[in-house]
Amino acid sequence: MSITGCLGAGLSAAVFLLCSFAAVFALLSSALRGQTARIAFLLARAAIFAAALLSIAALLLLIRAFLTDDFSIALVGQYSSISLPAYYKLSAVWAGSAGSLFLWSAVILVLFAFWLAKSKAGDMRFNAVALSVGSAVCVGFSALLVFIEKPFDVSMPAISDGIGLNPLLQNFWMVIHPPLLFVGYAAFLIPFVIISAITLTGVAAGPAVYGQLRRWLMFAVCFLSLGIVTGARWSYIELGWGGYWSWDPVENASILPWFVAVAALHSLIGIKVANKFRLWTVVLAPVPFILCLVATFITRSGILQSVHSFGHSVVGAALLAFIAACLFVWLVSIIRFKKGFFAGPADISGFHLNEQEILLWVNIILVFTAAVVGVATFWPVIWQAAAGSTIAPARQFYDRLISILGILLALLIGLGSLAALPKYGNFIIKLLGCCAVGLICFGFAFNPGGRHFIISFACGIAAFSFVAVLIKLWFNLRSGSNISGGIAHTGLLILVVAAGFSSSEQIVQASLAAGDKIIIGGYTVTYNSLKDESMAGVSKLGPEVTVKKGSFAKKLWPYNSLYPDGSSASEVAVYTGFLKDIYISFDGVGQNEQVIITAKEKPMMLWLWVGATLTIAGSALGFLRAKEVVNEK
Amino acid sequence: MKSRRGVFPAVVFCVLFPVLAVAEPNQPTVKMLHIFVQANENGVSFENIWVFEREDVNLPWEVGIDLPEGATALNVDEPNETESLKAGRIVRKKMPADSAMGAVGFSFIMPKNGDLCQTLIKSRYSIGSIVVFLSTPAVRLESNVLKMDESLTRRSDYAGIYTAEGLAGGAKIEINLKNLAAAGGRRIEIICLAGFAIIVIIALIILYYSRRTAVRGETTNEARSK
């Protein structure tokens, strides 16, 4: 056995044993009293810190194995090769099932240890139960890595070069997408732990715990959003189909925790502004973590077909048991719910619209969306069990569902912003102003016989809400209040409109000889010549085209890459304009050396990414200012 | 006379031996041999495909393959045309008289001796090429003639592809499989399980003594208050 393999397996085993020690001694601490309980708790806490450090050491060891081409480790041989650039060697660490699970496990341990270190000493039983629940989850993850998915398995026989990374994964966005997603997934553990500790001990959560819940939910939503958006960007520029979201089971599984976490965040706002929504919070806050486990189960069990899945793996059954255990803790939390769990200020005076009801509807829509998308994702499995055949909802089903619910949410964003405005000022004038802007935008966007009515309607509603959010932002800036919600909501409104417009794309496929032109979206695309390039053993071949409009001209080069191992990948070329993208993919060489290209006009794509960035920026600001928000009255 | 009697067979042998050795004009040869190897807990499965060829056609021909010592669970691909002889130690197949090529497919299981499985295949015929496809990762294959083809292995889903070419009739092919990683992996797993059990036992002992101390303390306090 190689030294790296030996050391890595030893570190994994040590992490498992330390987590087990922490879980058992934290449980012991919650069952005891006095000095013994305190010593047991401190030992368990120290064990988690040590496990986190060893986990980082093991991760660094695996990264080193990839960077130094240590093919004695089977995982390195399966996903890396000598010719792979260093940054892709790094991303190859989490390209496989064992590597990505290892990364997630390490991130969970580090974040949990960070939370333990930062959380102020409160009730001893609360701390002990929180530590035992969190440690038990860490035991589960480390057990998967010791008994089932072993990242440090040695390569038998030893090989001198690896298979290499799938060409589709050799993309910048795929380098950062999995770590961001896993940080988001892992951060959802903290709300799960906090709610479990509150309900299992019956200790009323004070402002400090409320603040922790809000901060960690914000942090998790921020990173999950980053993970989703980077994944969507990768899909847009790498997969070559021109879309960014295909309602694939794995994509759906990643967005389910987002919907529920956003609903949980609004429940926390409900506690603050209306002194209600306690049950909503207890029910919703732990769910994103369970849904993250479900996402992992979908990706690794092979139960649902997806381009993102790792195929069939034995880890599925273990994950199912893990999910069942977490569901049990969640159900116990709900059963043990008491009204006095959260102490929040009751300050509902000074609002024109009932903000409480708007928050309730926001929650209902988000949870309903999550439920429908969840059931639709598992529909092939449900139908298979019930009728013996496989049937999956079409993409149109999801598109219709999301377009209707997205418009409703956009309307509620506007109404919620107006509802949160203080009583002074001319409220009716502001309301009428919002409606007028909405109607004008609807009128501009409405195009009978051309654009779909629902896109124009969404445009009107988004404009109404946009003005309302701007008014609220202005008030908040004047009063020095938190503006993170306003920024995130602005981003979401832009996202809704951009997503609606981007769905109405125009496609032209043509076979072109040198000098031939096609016209799409007001741009002229001219085929210049066939260009080839070879770098680091990768041969690239594709047509060089010029995208031109008026005096503006830009050269683009979509190409096919042929890798040394015989695999190939298609790389698209995109011109991003202010209002539309020109998206060109190379489909091959036809008769008489004519090239076949597909050109697409994708409206509002820039604004889609701007909206997503603003949403993430808002949640990041919310996370950074969460402490101040808790203290705000 | 005595010496002549001794010389005559020797002369005959010397004249005939080269003829016998070179001749057998219709002797089949193995064009290629593919062996798919997969190890599991019970043993190692060997799926064989022997492809034979001969030079002349329109003569009846048959082939016989000796199974290695210890092989069990013989399963032939075309039971109507293939038969096993001598208590399942030889696989024999009559080939179509009008064909120059024919294939024999069968599988058997070799038992494991601890973490080691040793197989010795003796071929009656000369072999053009052998390819062994090893499916089980974390298994090391060692052989006297087979060498791993890294290029083929990298492009395949197999844990290892081993090849050899141009073996003479009567060649012995050793295939030794060693399950090294499993032994190491199991050791780690056993240490982890034992460690977990020790942690639980220590916690239970602490819990037991803490409770007992607490009960004693309460009893003493009660007695004092009385």
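**Reading pairs, strands and patches**

Colleague: Let's start with salt bridges. Which side chain meets A:Asp399 in a salt bridge?

Modeller: The general idea is simple: side chains of opposite charge can pair when their charged atoms come close. Here, A:Asp399 meets A:Arg395, at 3.5 Å from N to O. Do keep in mind that this is a predicted model.

Colleague: Where do A:Asp399 and A:Arg395 sit relative to each other?

Modeller: Both belong to helix α15 (residues 395-419) of chain A, and because they are four residues apart there, about one helical turn separates them. A:Asp399 is partly exposed, with a relative accessible area of 34%. A:Arg395 also counts as partly exposed, at 38%.

Colleague: How many salt bridges are there over all chains?

Modeller: The count comes to eight. Among them is the pair of A:Lys150 and B:Glu189, whose closest N and O atoms are 2.6 Å apart. A:Lys150 lies in the loop between α6 (124-148) and α7 (172-187) of chain A, while B:Glu189 is in helix α3 of chain B, so this pair joins two chains.

Colleague: Is B:Glu189 buried or exposed?

Modeller: The cut-off for buried is under 20% relative accessible area. B:Glu189 has 18%, so it is buried. Its partner A:Lys150, at 25%, counts as partly exposed.

Colleague: What about a salt bridge between strands? Which residue pairs with A:Glu601?

Modeller: A:Lys580 does, with 3.1 Å between the closest N and O atoms. This pair links distant parts of the chain: A:Glu601 is in strand β10 (residues 595-603) of chain A and A:Lys580 in strand β9 (residues 580-589) of chain A, 21 residues apart. A:Glu601 counts as buried, at 11% relative accessibility.

Colleague: Now strands. Which side chains of strand β8 of chain B point to the buried face?

Modeller: In a regular strand the side chains alternate between the two faces of the sheet. In β8 (residues 116-122) of chain B, B:Cys117, B:Thr119 and B:Ile121 point to one face and are buried. B:Leu116, B:Gln118, B:Leu120 and B:Lys122 point to the other face and are not buried. β8(B) pairs in the antiparallel sense with strand β13 (residues 172-178) of chain B, over seven bridges. In β13(B), B:Ile173 is the bridge partner of B:Ile121.

Colleague: And for a whole sheet, in what order do the seven strands of the open sheet in chain B run?

Modeller: Follow the neighbours across: β4-β7-β2-β1-β9-β12-β11, with mixed pairing. The edge strands, β4 (72-76) and β11 (147-148) of chain B, each pair on one side only. Inside that order, β2 (residues 43-53) and β7 (residues 101-111) of chain B pair in the antiparallel sense over 11 bridges. There, B:Glu47 stands opposite B:Ser107 in β7(B).

Colleague: How does a hairpin look here? Which residue takes a positive phi in the hairpin of β4(A) and β5(A)?

Modeller: A:Gly550 does, with phi near 60°, and the hairpin has two residues between the strands. Strands β4 (residues 538-549) and β5 (residues 552-556) of chain A pair in the antiparallel sense over five bridges. Along them, A:Thr546 stands opposite A:Lys555 in β5(A).

Colleague: Finally, which residues gather in the patch of positive charge on the surface?

Modeller: A:Arg33, A:Arg125, A:Arg336, A:Lys338 and B:Arg211. B:Arg211 is found in helix α3 (residues 180-225) of chain B, and at 44% relative accessibility this residue counts as partly exposed. Helix α3 of chain B is also where you met B:Glu189.

Notes:
Residues are numbered from 1 along each chain as its sequence is written. Chains are lettered from A and ligands numbered from 1 in the order in which they are written. This is a predicted model: local features need pLDDT of at least 70, side-chain atom pairs count only at pLDDT 80 or more; totals for chains, interfaces and linings use all residues. Side-chain values use heavy atoms; hydrogens and water are left out. Patches are made of residues with over 30% relative accessible area and no salt bridge: like charges are joined within 9 Å, nonpolar side chains (Val, Leu, Ile, Met, Phe, Trp, Tyr) within 5 Å. Accessible areas come from the Shrake-Rupley method with a 1.4 Å probe; for residues, only the protein chains shown count as cover. A salt bridge is a side-chain nitrogen of Lys or Arg within 4 Å of a carboxyl oxygen of Asp or Glu. Lys and Arg count as positive and Asp and Glu as negative; His and the chain ends are not counted. The place of a charge is taken as NZ of Lys, CZ of Arg, CG of Asp or CD of Glu. Buried means under 20% relative accessible area, exposed over 50%, partly exposed in between (1.4 Å probe, protein chains only). Two strands pair if DSSP finds at least two bridges between them.
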